[in-house]
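Me: Could you take a close look at one part of this model for me, the nonpolar core, and then tell me what lies around it? I would like the cut-offs spelled out as you go.

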Amino acid sequence: MARSSQPWTLENLVDFEQAVASSTGTPQAVRSAVVAASRGLTGSAARRAGLRVWLEETGGNHPGRKFSSALSLVAAGLALAMFLTGISATLGMLDHERGGINVSLFIAVLIGGQWLVLLIAALAWLMRRRAADGFSGVQAVAGKIARRLAGNRDDAWWNHLMDGGGPPRAAVLWRLARIAQAAGIFFNIGIICALAGLVLVKHVGFFWETTTELAMRSLLENAVRFFSLPWASWWPEASPDALVIATSRWLPGRVSGLAPGPSAWWEFLLMTTLLWGLLPRAILWTLAWNAGRSSLSTLDFQSRKHRALWREITGTDRVETDDKPLDGVLVLDVGGCGLTDEMLRPFLLRRLRVHPAEWHSTAVLDSGAEAEAARALSQAPAGVVLLSEGWSLAPPRMIELHRKIRSSAGPETPIKFLIANVGPDHQPAPATAEEGREWTRFVDSLRDPAAEIFFYENAQAAL
C-alpha cells in the first residue's frame, strides 16, 4: 500500500484513540501495510505515517465526526450567546433618566473586564502551562457539552487523550481555546452592533461623573490618550480632547437630559472596542488555530498505549524487513555486563538492523569526557545502542545517560535500548518477563520519539 500523505485531523485523532481502546489485535496484512508506509522514516514521522495507515485499515466506529460536529454546534451556540450578551451589556450601560452612556463605566467594564479575564488566563498559563495541561472554564464547559451532544457513551477515547498528554491532548485543548476566543470575538461584535444601533436610532449622549474634582478627569484623559494611540494620528476626531472631556462631565444638581453626542465619544468607543476588544481576541484565535495545526502536525504518539501498539504492530515485521542494515552505531555497555561485539553482532544485524562502529562502556559519557563523547557520537550516524542487563535498571542513572546523549547528539538521533542478561555460560540470554515489563515502562516514560527498546532473543526464538 502507498504511504498515506494525508495530514492528521482532530477527527482522525478521536477515531484513532477509540480504535486503540477497542483494538483486539492487528492482522498481519495491516502490519505489513504500516511497515511499508513508515519505511524510510524514523521517530514521530514514522509513527504518524504508519498509524495513519493503521487507522484507515482498521476502520470501526467514527466518534471523531460526531465530536467535531458537536464542537461546531457548541461554537455556534456559544458565539450567538456571547453576541447577545454583548448587546445586552451595552444596552445596560444606557442611563435612561439621563439619556446617555457613562463612558468611564463603558471602558472599565466592557473593555477593562475583558483584559482582566485575559490577564488572569495569561497568569494561569505562565504558572500552570494551562494551554497544554489543563482547561479554562469556557474550554471545560465547551468540551463537556460537545461530548454530550455527540452522544458518545464510551468515553475511552476522551480519557486516552486527556491522560496521554503531549500534542494529542494539546490538539483538543487548542480547538477548545479557539471556541473560547471566537465567543470573545462575537461578544465584541455585539458591543459594536449595539453601540452603533443606539447612535443611529436614538438620541444618545455620553457623560462621566465623579465626586473628585481633578483625579477622575486626569485619569480619563490619560486613558483616552492611551487607547486612541493606534488611530489618533490619522483620525484625531475619534479621540476626545480635553475640552470634550471637560464638557461631558455630569455635574451634581443637573436636571436636564443629555444632548446627543458628541460624536467624538461614540467614535472613540467604537474604535476602542474594535482595536482593544475584538482585535486581541482575533489574534488569540489565530494563535490557537496555528497552535492546533502545529500540535496535529507534530503528533508523537508517545503515551504508553501508543508505544505498546507501535511495538505490537512493527515488532515482527522488523525481523522480516529487507532493509539493508545501517552502518555506524555506537554501542554503550551500561554497567559493563561483558557481552562482546562478537556475541551480539548477529542479533544487532538481524533484529536492530545496525552495524556496530564502536563499543564502549558508559565511561565515554562521564563528566569531563565531553570531547570523547562528541567524537564517538559523531562517528555513529546510525545512532546509539544502550546495552544493559535486565536486572540492572537504575532509572536515575539511565535518565542522566539519556539526557547526556540527547545533549551531545541532538533530539533526532536514534537510541535503541538493548536488554540482555548474561547466561551461565557467559553468553547472552533473554531477560525475564518482569524485567521486560519494567524496562518497557521506563523507556515509555522518557517520551522520546526516537527511543526504542529491544530484548535479546536467541535465533530459534526469533524465527
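Reply: Happy to help; here is a walk through the core and some other parts.

This is a predicted model, where local features need pLDDT of at least 70, side-chain atom pairs count only at pLDDT 80 or more, and totals for chains, interfaces and linings use all residues. Residues are numbered from 1 along each chain as its sequence is written, and side-chain values use heavy atoms, with hydrogens and water left out.

The largest nonpolar core (buried Ala, Val, Leu, Ile, Met, Phe, Trp, Tyr and Cys residues joined through side-chain atoms within 4.5 Å) has 38 residues. Leu13, Phe16, Leu51, Trp54 and Phe67 have the most contacts inside this core. Buried means under 20% relative accessible area, exposed over 50%, and partly exposed in between, with a 1.4 Å probe and protein chains only. Among the elements that give two or more residues to this core are helix H1 (10-22), helix H3 (43-58), helix H9 (166-201) and helix H13 (304-320); H1 gives the most, with six residues. Helices (H or I, at least four residues) and strands (E, at least two) are DSSP runs, numbered from the N terminus.

Trp54 is a good residue to zoom in on. Leaving out residues up to four places away in sequence, Trp54 touches Phe16, Ala19, Val20, Ser23, Thr26, Val30, Val34, Leu309 and Ile313, where contact means heavy atoms within 4.5 Å. Another core, of 29 residues, lies apart from the largest one and includes Val103, Leu195, Val204 and Phe206.

Helix H9 also holds Arg169, which is buried at a relative accessible area of 12%. From Arg169 to Trp158 the C-alpha to C-alpha distance is 9.3 Å, and the two are eleven residues apart in sequence.

Now to the strands. An open sheet of three strands runs in the order E1-E2-E3, with mixed pairing; two strands pair if DSSP finds at least two bridges between them. Strand E1 (94-95) and strand E3 (205-207) are the edges, each pairing on one side only. Strand E2 (residues 100-102) is parallel to E3 over three bridges, and Asn102 stands opposite Phe207 in E3.

Strand E6 (residues 383-388) has six of its six residues buried, so E6 is largely enclosed by the rest of the structure. Gly383, Val385 and Leu387 point one way from E6, while Val384, Leu386 and Ser388 point the other way. E6 runs parallel to strand E7 (residues 415-419), joined by five bridges, and Ser388 has Ile419 in E7 as its bridge partner.
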